[in-house]
Amino acid sequence: MAVQATLTQSSPPGAIDENELAKTAVEFAEQSEKLSLLPPEQGNHDAIAVEAQFVTPHDTVIVTADGHRLPTVPVQEAHKLNVLREELETQLEPTHHHHPVQSPNEEKAIALSQQQNGTSPNKRSTDASLKRSMPPSHTNPLFPPLPLYGPPSLMTHIQCLIFRFTSFFLSLGFLAVIVLGALFTSIGPSVQHLWRLVTLRNPDASSRPFYKEETRRAEIRKRQEEAWLSGHRPSGKTPYPPTEGGPDPLVCDPAYYARRVGLDIEPFEVQTEDGFLIDLWHVYDPKEHTPLPACERAHRGPETFTPPRKPPSSPAKFPVLLIHGLLQSSGAYCVNDDDSLAFLLAKAGYDVWLGNNRCGFTPKHTLLKYSDPRMWAWNIRQMGVFDLPALISRVCYETGFSKIGLICHSQGTTQALVALAKEQRPDLGDRITVFCGLAPAAYAGPLIGKMYFKFMRVISPGFFRVFFGIHAFIPFMMEMHRRLNGRVYGWLGYKVFGFLFGWGDGRWDRGLRDRMFRFAPVFVSSESMRWWLGRECFARQKCILSTKEEWRAEEREDGEVGEEGVLGEVDRDMADGGGGGRERKKGRRRKGSTAWYDERAPPFALWVAGDDDLVDGEKLLRRFERGREPHVEVVHQKVIPGYEHLDVIWAMDAPEQVFREVKEVLWKTCDVRGVCRVPKGCEDVPAWKPKKKEVTGDEGEEEEEEEELQSSSSEDLCR
């Protein structure tokens, strides 16, 4: 130590402090190993973490030495890696090319740092100092930090096995209770149905609003199946001649159902910024499009919004992306033959793309395996911040358009609403012409208080993980999906999901019901279900972007205005000259001060199911009507009486109640109508003109105050 101190003191100006360098190198190596794919003793140095990229202030991805990505880690851990890396690079700059290295950890850390400074393709995401990328000073209660799982080791393997063992039996018991509850509650309706049959009454004629049309369609399908089996194929004069037919084998393949209506689907693979590989399906007309080679449909790396493959050729079809709901895949948009939303839009003249979220039917990641808990450390935030931009980016790349239309159902609306928020990825709004939300899931409905959901909310986060594991949520459901006969599974799936989520098939075509459950469930993470149903997040706050206290306070403020119809006490004082704008602001917040979205938000169009107990869409509509979102323009809204949560995509009258309007809204808001072919039925739809957003004096004053407050907060944080 004395010798090192002497060397340090006698070093010329600009020389490296060996003690400081060694300490920083070791700390960087330890932090890198903590966030790497594998421990260093396994010898895979290419998978060592070298940098954390901040996609948003709260969302990071870990970049490895070979350019791959690892999922989100707690922000403080990511920030620490960047700070140590920058300090090491700064210390190495004067004489790093001839400095002796003493330990393997130091050698590895310095080598990785030099690689980053040299020829590595993993450049910094910004020229600004990494040290200044300060982590947030607080955590949003709606999005608590995800657990940190390090590289696999003997201890972590043992822990994972314990979680998988306990969760297998406990979650299977939970599923058994749900199944038995579903079967038990169906006894009464089954007895009533049987009694009507015994008394020579038709049990469906009075209870099903589209019974006659349902019967007519069943007869048509039967004749078509018989004709197909006998070799009578539709003639070539048919606009969309089917290439598949006959009795439905109930396969889990959306392309098969597309071919039954004369279309087809080509699958694409998309990589998210945190390394997940997700499925994107392109619906196309075989007469107009030739599928791309498999190599061109593979993923293109984690970068988003790269230059397009080629500009759109006129007249092009305007692209739209559809995102599915919880426990579903986008195959849910393909189950109603020609009345399926995906096929109806495709035949109308849109370029239809079906997006799926991470894991889906086949969990895939560039580095992680199914058994690694890091593969499952995600929730709705990551689905919005990473999955949605990756899908939109790939559609823009393949079509050449800079903006596309976005259609989401249920959970898909949640991830879009989360992603577009001004704290997340508001720039995504610049890529969307309109956001169409079907049964938008922003506020919880009364169903969240059911006993089986309340059980998940009561147990602690730790016991939730013991009960449901740290990997996939009740993976036995997927095993049942694979092994059970399609009709048995369809019947059982309807009973279970109907029992859980409180919907019925009264408006559906019952002859297609088994097909509807071929595309559910999919793999989701236990962490995702904990976000929805656990004690910390949605089930407690009953809202996706406001705490329960915040949105109730807003409702009280709105209620005061509604009941009084006049100004509040502080506002009256203003009117009498006894105060000013400052005093008014103390008494009541400006409506837009709690807005979730800024001026980059796209126009919204919302279709709300009137009898939806799962989510409260009308509360979201009231948020817009009462001026809580001054930067969002709602170009279309509709509450459909009698509709339940899934009726917006599966009801027999959904093409008239919902799909026709969606088709028109997409065209009305299209920003490149001059280069696109006009969709069928939209010839008389006028172009939408956005309203000019004016800022009043009070609002401008408020925004100025808010900017000053943010500026002072940033200065305090830096200090």
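This passage describes an open sheet and the helices packed around it in a predicted model.

The sheet is open and contains eight strands. Their order is E4-E5-E7-E6-E8-E9-E10-E11, and the pairing is mixed. Strands E4 (264–271) and E11 (634–640) occupy the edges. Each has a single partner strand, so one side of each lacks a neighbour in the sheet. On average, neighbouring strands are turned by 20° against each other, direction ignored.

At the E11 edge, the pairing partner is strand E10 (residues 604–609). The two strands run in the parallel sense and share six bridges. Within this pairing, Leu606 is bridged to Gln637 of E11.

Two helices that contact the sheet are considered next. Helix H12 (residues 411–420) packs on the sheet and touches strands E6 (319–323), E8 (404–409), E9 (432–438) and E10. The direction of H12 makes about 125° with that of E8. Helix H25 lies across E6, E8, E9, E10 and E11. Relative to E11, H25 runs at about 180°.

H25 (residues 654–668) also packs against helix H10 (residues 341–348). Their axes come within 11 Å and cross at roughly 45°. This angle falls neither under 35 degrees nor in the range 65 to 115, and H10 and H25 are therefore oblique to each other. The crossing is right-handed. H10 contributes Leu341, Leu344, Leu345 and Ala348 to the contact. H25 contributes Pro655, Phe659, Lys663 and Leu666. By class, the contact has seven nonpolar residues, one charged residue and no polar ones.

Technical notes. Residues numbered from 1 in each chain as written. Predicted model: local features only at pLDDT ≥ 70, side-chain atom pairs only at ≥ 80, totals over all residues. Heavy atoms only, no water. Axes fitted to C-alpha atoms, helices over the stretch in contact; angles between N-to-C directions. Helix = DSSP H or I, 4+ residues; strand = E, 2+ residues; numbered from the N terminus. Parallel < 35°, antiparallel > 145°, perpendicular 65-115°, else oblique. Left-handed = near helix turned anticlockwise from the far one by under 90°. Contact = heavy atoms within 4.5 Å. Nonpolar A, V, L, I, M, F, W, Y, C, P; charged D, E, K, R; others polar. Pairing = 2+ DSSP bridges.
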